[in-house]
Protein chains: 6
Amino acid sequence: MSRHDGRNFNELREVKIEPNYLMHPEGSVLIQVGNTKVICTATIEDKVPGFLRGQGKGWITAEYSMLPRATAERTQRDASRGKINGRTMEIQRLIGRALRSIVDLEAIGEKTVWIDCDVIQADGGTRTASITGAFVALTQAISKIHAEKPYNKFPIIDYLAATSVGFIDVVGAVLDLDYIEDSKANVDMNLVMTGSGRFVEIQGTGEEATFSRNDLNELLDLGEKGISELIELQKEVLGDVANLVAMLSK
Amino acid sequence: MSRHDGRNFNELREVKIEPNYLMHPEGSVLIQVGNTKVICTATIEDKVPGFLRGQGKGWITAEYSMLPRATAERTQRDASRGKINGRTMEIQRLIGRALRSIVDLEAIGEKTVWIDCDVIQADGGTRTASITGAFVALTQAISKIHAEKPYNKFPIIDYLAATSVGFIDVVGAVLDLDYIEDSKANVDMNLVMTGSGRFVEIQGTGEEATFSRNDLNELLDLGEKGISELIELQKEVLGDVANLVAMLSK
Amino acid sequence: MSRHDGRNFNELREVKIEPNYLMHPEGSVLIQVGNTKVICTATIEDKVPGFLRGQGKGWITAEYSMLPRATAERTQRDASRGKINGRTMEIQRLIGRALRSIVDLEAIGEKTVWIDCDVIQADGGTRTASITGAFVALTQAISKIHAEKPYNKFPIIDYLAATSVGFIDVVGAVLDLDYIEDSKANVDMNLVMTGSGRFVEIQGTGEEATFSRNDLNELLDLGEKGISELIELQKEVLGDVANLVAMLSK
Amino acid sequence: MSRHDGRNFNELREVKIEPNYLMHPEGSVLIQVGNTKVICTATIEDKVPGFLRGQGKGWITAEYSMLPRATAERTQRDASRGKINGRTMEIQRLIGRALRSIVDLEAIGEKTVWIDCDVIQADGGTRTASITGAFVALTQAISKIHAEKPYNKFPIIDYLAATSVGFIDVVGAVLDLDYIEDSKANVDMNLVMTGSGRFVEIQGTGEEATFSRNDLNELLDLGEKGISELIELQKEVLGDVANLVAMLSK
Amino acid sequence: MSRHDGRNFNELREVKIEPNYLMHPEGSVLIQVGNTKVICTATIEDKVPGFLRGQGKGWITAEYSMLPRATAERTQRDASRGKINGRTMEIQRLIGRALRSIVDLEAIGEKTVWIDCDVIQADGGTRTASITGAFVALTQAISKIHAEKPYNKFPIIDYLAATSVGFIDVVGAVLDLDYIEDSKANVDMNLVMTGSGRFVEIQGTGEEATFSRNDLNELLDLGEKGISELIELQKEVLGDVANLVAMLSK
Amino acid sequence: MSRHDGRNFNELREVKIEPNYLMHPEGSVLIQVGNTKVICTATIEDKVPGFLRGQGKGWITAEYSMLPRATAERTQRDASRGKINGRTMEIQRLIGRALRSIVDLEAIGEKTVWIDCDVIQADGGTRTASITGAFVALTQAISKIHAEKPYNKFPIIDYLAATSVGFIDVVGAVLDLDYIEDSKANVDMNLVMTGSGRFVEIQGTGEEATFSRNDLNELLDLGEKGISELIELQKEVLGDVANLVAMLSK
């Protein structure tokens, strides 16, 4: 049984990453994964949160939001509701944590990198697209600083990308679920991995369902394939900058 | 003395309006006015606010926001601060009010049109670009409904566009201020006008300055010129739909 | 066709300004414009907001509120709703901006003047009454400081007052609209002007209506007349203090 | 040792109650107790809170607020802070509870009376002045309804007034503390009593101090005297309406 | 007529105080008054609120909360509603004020004691149980500091406990009301008293009812009896530490 | 290298579950996992959230909170901060999702089960203890309904428990991390599994670290062992009720 959009079970949607998308931020991309479109920016601020002050260490934090009409039905703005919803909180904590895993925070020094991921159009996989895009924006921002005043050690120590995998009735295990697939999946798993093939985050969830250890292994295999392809694309987009990471991740 | 970007005192920046920019909304555009870029969407909801219920009349309301890095310095999100700031409130009230002035709310019936203007990149004039773009998104959304089930009377009764004018030291009166001009202007005026050359809104402000009646007239002349050019562009972008408005605005 | 309360089209309501209305504030008035009653106070604080610190410059900021039963129907308090509504925000920004236009902020030094305008009874024109009254409270507060320790330059450089003008069906252009007139006006314009006859703020709005350039000129003529009368009254109320402004506004 | 303002230990400040102070509310007074000035209004709303719906019973609820410059130092507005502070909550709960004790809520029917007490100028005793003034506003509002469509039973069944008593070093027990006395009192007690001399509320507090049973009795004697004088004044102000309460409180 | 649970009119429910209930806080108890169970903790923080800074004086502040299912019906969490309700505010202000009355704040030095009272199970009298339990937690925390580095003067200068008294139809005046009694009481009074028999707080309320001076005296007699029994129990629980208070309260 | 508390790498802390801990809720336990103590309650409400209305299906939702002194340092209450923090949101979403996976929501009918997990004392693993305890509270609440009016199908279809696993320097992979271990772990994984050995949730995170596929497998083996032991304990605690689940999970 094939997928509704004709893709193979182990095939990513078409992915495009447009670097330097905005004029103001130190790093910015528009990432498109199929119809999902996210603007990711990286801002470098010259101070750290209170709990890190005076430790000579940097920090990376992320914020995530959707335009009200990124979705089929209009979503009320968090600002209008006066509070951030739980899903948004979960996603922005995930993005920040994932990026911190491949950055040497001591090398950054006492600076905070703000990652902003704003979903312009949503068709499933917005959090994983955000991570994949944010890695490029972050690397560009850090490399700009490096160009002006080289770090002793380039702070980004490995590549990082993310995708989703899941189980769909009849079809089985699939890679990179779009919205239609996501809304009928029994098991949904987000994977974040590095260029060296190690896990940063595994978030597998059976919503009103469960899965076996074998199911898990099948999903992990799919995810590894997808993420290695995403990292190839990141290298292309980054061009020469990619080498700064490559040299230091060995 | 010429302007910092070489424009004539009575010259708009380059304006582009990309219609149908997003897949989900009933109407959507990306409007670019120089380096200012705003995504405007129109969503039609099948109910009205409490104060209008049962009156057979529709409503138009607008929300406005900026991405954190639409600006040179990162701006904190309203959602993170837990409240909407005063400038945002002012702007979204202005956009809603302006659009309501050229719509026959009885003709719409008991529906609410939500206008969302999200600034992707800011370089001055975001509120006027929002109004100019939102008019196109609104007209597209209304014309889609009209195509499915024609209105007795097309609800949009005139064109609508907006621009800014102001006084800058040495240079004098100028049309369509960008951020650099805006931040050193003594007098700043936003004008919203219709296709038939009538005013909808005049908001002239001397921030720590004042202006004479002659100054005012000079600014209004400039604004009228700019708005008529913007409306020509809207007509081009709207194509056949433009006629629906044109016929009914007579 | 005459006005519902028998006034001439170009006639203000009866205006009274009671100075030193409260015992605690540095400056305070009760202003009555017809049945509209507003308590305006000026408080001088010995610091400035963050964005001005260290620049040797002062600041003026305003807050505006209505008692719940200032209006015919009880209005819910902002404090109970947990947020300030958009109309309130707009008005308090306008009041602050207007007063800053006639104050030499360098002359004030690193101080903030808080203006509080609390509407006790509302019958249209509360924002313009607030500005007219706040000017007197502000001038009193500044003159008290001047009496103790004279400024090199008296910081208030011109008079300031505000009124509304608008178009009403059948009646036509009128000055100083009360609530009944305001709620049926097609065009509503608030004007803030100085003692030397210059504009500080023009906010003209057609709510579900538009207006021509000729209409605009007619409204401006009316407004200029009303404001010059209000400024005469301010001078009377201020007595000797009025001269401090008069001498320095030349 | 006499009091700082020359009053006798058992003497109230001068009290004035100006009825029908505002044009819109069903009942409204300006009460002055020395320099303390409070506007009290009563609004009758044609529904009850959820927990009372369908029980044929009414409700009375109160809100209390101070203008920012009612006090010597400017107080930040609750609306600006985004929440109501604890002291305000305590006071508004007290006012509502006190008034409910002398009203037959069944007789009112399914209506809510909103009491708003807004302190224009504060010099100690604002909560007790609010109760004393609110009783008059409430009685006026209820009597207006009674005049249009007489109740079977007049819903207000007794008079109600409040005052404060306390202990001050050297001076001893005193009635009706002003701000200077209040801020140095060891024991502070608010009393709410009825026209028939019964207690509705006793709130006695030793802030960083304690008091004996004898002290308590001395304070209660003083309070009873003061409240009976306040009730005499209420009767005068209410005029004929006072008889409606008097007849029914027997 | 006897009470629904068979108690005498002047009889407390069974009271247990389990000291050192939690591993982390400096002081902590589980207090049980009949079925009412409250965890009280004392935390000592090395700074004071802004208004006390630099005065060499300490502060005591309290927070109070209920688990959602401490009650028969589930109560929504304050955190979910986004604000603290009025009853909670009133109670936590009472607890803090009561404890401050028996502490020498100068002796504490520039420290804040945070008292947290969390109701695990509610059956009436949660605020008075909180005060009685919090006194023990506070004394333990202070005595721990005293053991490490003795105070010149032990800061706790007297014992402190609280109970409720009230009038119930048919039964009459009763001590220590449980939930069933509380919900049908005409008059409800909370008393806070010291080991030396002095009042700290009297809060007597007739909710839709009133009470006479004789009624008041009857209630005070009952309360004094109950509180002296509670203080005996506190002394037992505190053991040797009790002497530190006893010696200094003379 | 052994663990700091002497446990084997694959050994749980001592676990106790005290059922029927509180008098009011339909289901309630105190669960202790070493020094971590959580009160879990289940409340059954007779309606469902808006998005489920009219579908004949139930819902399970969870709230999680910590007492301020559950932790070594006092944590500010969410209610005082006016918003729920991100960690809390994440945890309560996890608890709700996990419980929904082993409940037949159709069988419950249009009811909502509210799960409240309140941490009394925290020493690592509070979210997994919450899930393990909440399962027991939920099962008790459901079985009480079943006893009164038997379900056609018992709605709980499998057991459910949770634990944490992780990697610690020198020690290696360990089961059930306490706070000391948790704060120095490189990889931290929470596992939620059913009585039939299937996964409900895998949340593995490298905070500033990564892990290999082999590492993952080692952790999963440990987790499976721990969870099967927790489920044995749940069965003991549930007694006869356990059979209701057991029969239906086949």
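How many salt bridges are counted between chain E and chain D? In this predicted model, the count is eight salt bridges. One of the pairs that can be inspected directly is D:Arg198 with E:Asp215, whose side chains meet in a salt bridge at 3.9 Å, N to O. Polar contacts add to the picture, with 18 residue pairs found across the interface of chain E and chain D, both partners at pLDDT 80 or more. On the side of chain E that touches chain D, the elements giving two or more residues are helix H2 (86-100), strand E9 (199-206) and helix H6 (213-238) of chain E. Of these, E9(E) gives the most, with eight residues. Sorted by class, that side of chain E holds eleven nonpolar, eleven polar and 14 charged residues.

The extent of this interface comes next. The size of an interface is often given as the accessible area lost when the parts come together. For chain E and chain D the buried area is about 3,200 Å², and carbon and sulfur atoms give 46% of that area. The contact draws 36 residues from chain E and 36 residues from chain D. Strand pairing also spans the two chains: strand E9 (residues 199-206) of chain D and E9(E) run antiparallel and are joined by five bridges. Within this pairing, D:Ile202 has E:Gly204 in E9(E) as its bridge partner.

Chains B and C offer another view of strand E9. E9(B) and strand E9 (residues 199-206) of chain C pair in the antiparallel sense, again over five bridges, and B:Thr205 stands opposite C:Glu201 in E9(C). Inside chain B, E9(B) has a further partner, since strand E8 (residues 185-194) of chain B pairs with E9(B) in the antiparallel sense over seven bridges. There, B:Val192 stands opposite B:Glu201 in E9(B). The hairpin of E8(B) and E9(B) has four residues between the strands, and B:Gly197 in this hairpin takes a positive phi near 80°. Why can E9(B) be called largely enclosed by the rest of the structure? Buried means under 20% relative accessible area, and eight of the eight residues of E9(B) are buried, so the strand is largely enclosed by the rest of the structure.

Some pairs of chains stay apart. Chain A and chain D do not touch, and their nearest C-alpha atoms are 11 Å apart. Likewise, no contact joins chain B and chain E, whose closest C-alpha atoms lie 11 Å apart.

Turning to single residues, E:Thr132 lies in helix H4 (residues 126-148) of chain E and is buried, with a relative accessible area of 2%. Leaving aside neighbours within four places in sequence, the residues in contact with E:Thr132 are E:Ile31, E:Leu160, E:Ala161, E:Ala162, E:Leu230 and E:Gln234.

Backbone angles give a last point of interest. Most residues other than glycine have a negative phi. A:Asp176, although not a glycine, has a positive phi of about 60°. This residue is found in the loop between strand E7 (172-175) and helix H5 (179-184) of chain A, and A:Asp176 is buried, at a relative accessible area of 3%. In chain C, the phi of C:Asp176 is near 60°, a positive value in a residue other than glycine. The loop that holds C:Asp176 runs between strand E7 (172-175) and helix H5 (179-184) of chain C, and C:Asp176 counts as buried at 3% relative accessibility.

Terms used
Residues are numbered from 1 along each chain as its sequence is written. Chains are lettered from A and ligands numbered from 1 in the order in which they are written. This is a predicted model: local features need pLDDT of at least 70, side-chain atom pairs count only at pLDDT 80 or more; totals for chains, interfaces and linings use all residues. Side-chain values use heavy atoms; hydrogens and water are left out. Buried means under 20% relative accessible area, exposed over 50%, partly exposed in between (1.4 Å probe, protein chains only). Two strands pair if DSSP finds at least two bridges between them. Contact means heavy atoms within 4.5 Å. Buried area is the accessible area (1.4 Å probe) that two parts lose on being put together, summed over both. A salt bridge is a side-chain nitrogen of Lys or Arg within 4 Å of a carboxyl oxygen of Asp or Glu. A polar contact is a pair of N or O atoms within 3.5 Å; within protein, one must be able to donate a hydrogen and the other to accept it, and residues adjacent in sequence count only if both atoms are side-chain atoms. Ala, Val, Leu, Ile, Met, Phe, Trp, Tyr, Cys and Pro count as nonpolar, Asp, Glu, Lys and Arg as charged, and the others, Gly among them, as polar.
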